[in-house]
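Visitor: I'm new here, so could you walk me through this one and tell me how you know what you say?
Guide: Sure, let's take a look together.

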Amino acid sequence: MSPVGLIFGSFMCLMAIPMTRETYRVHVIRSRGVRTSGWVDHVRTDTDGDGDLQHFPVVRFELPDGTEVEAESATGMPRSCTLDPGDPVELAYHPGRPESIVIFGFDTIANVWVYGLCTLTFGGFGSWLLCLGLTSH
């Protein structure tokens, strides 16, 4: 196999590392996070790497001690956002980092199965390319 395959395989394996971290983060929030209600404060609009618009709802909610937290959704929605300022939302937050949230019904892409499948695909295919490259000499 050419050096291009080794480089591409290495890149894919390296991309699997942050994907694994994000998969674990979402899993922890969904399974052990504190569930609460909040409301959409505003929607931040940004562009992705291709220049397409992405909409990120910013929500406010209160911790059990009464502290108000403002947190942004980890995932954006292309084209338009289904949530408007003032809309009530159900969410879960990480107990140690309340600004790390998952909004139920919005963050459907922030699903352990979706992130896990992407992680396995990148890591598996990258490992396969590396093995082919290392054993073909």
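Visitor: What makes S1 and S5 a pair of strands?
Guide: Two strands pair if DSSP finds at least two bridges between them, and strand S1 (residues 34–47) and strand S5 (residues 88–94) have six, running in the antiparallel sense. So they pass the test. One bridge joins Arg35 to Ala92 in S5. By the way, strands here are DSSP runs of E with at least two residues, helices are runs of H or I with at least four, and both are numbered from the N terminus. The model is predicted, so local features need pLDDT of at least 70 and side-chain atom pairs pLDDT 80 or more, while totals for chains, interfaces and linings use all residues. Residues are numbered from 1 along each chain as its sequence is written, and side-chain values use heavy atoms, leaving out hydrogens and water.

Visitor: How do you know that S1 and S2 pair?
Guide: Same kind of check: S1 and strand S2 (residues 53–62) share nine antiparallel bridges. Arg44, for example, is bridged to Phe56 in S2. S1 and S2 form a hairpin with five residues between them, and Gly51 in the turn has a positive phi of about 90°.

Visitor: Why is the pair of Phe61 and Tyr93 called stacked?
Guide: Rings of Phe, Tyr and Trp (its six-membered ring) pair if their centres lie within 6.5 Å; planes under 30 degrees apart count as stacked, over 60 as edge-to-face and the rest as tilted. Phe61 and Tyr93 sit 5.2 Å centre to centre with 25° between the planes, which fits stacked. Phe61 is in S2 and Tyr93 in S5, so the pair ties together parts 32 residues apart in sequence. A search of the whole structure finds one aromatic pair.

Visitor: Why does Phe61 count as buried?
Guide: Buried means under 20% relative accessible area, exposed over 50%, and partly exposed in between (1.4 Å probe, protein chains only). Phe61 has 0% relative accessibility, so it counts as buried. Tyr93, at 5%, counts as buried too.

Visitor: Which residues touch the most other members of the largest nonpolar core?
Guide: Among its 14 residues, those are Val59, Phe61, Leu83, Val89, Leu91, Ile101 and Ile103. S5 gives the largest share of this core, three residues. A nonpolar core is a set of buried Ala, Val, Leu, Ile, Met, Phe, Trp, Tyr and Cys residues joined through side-chain atoms within 4.5 Å.
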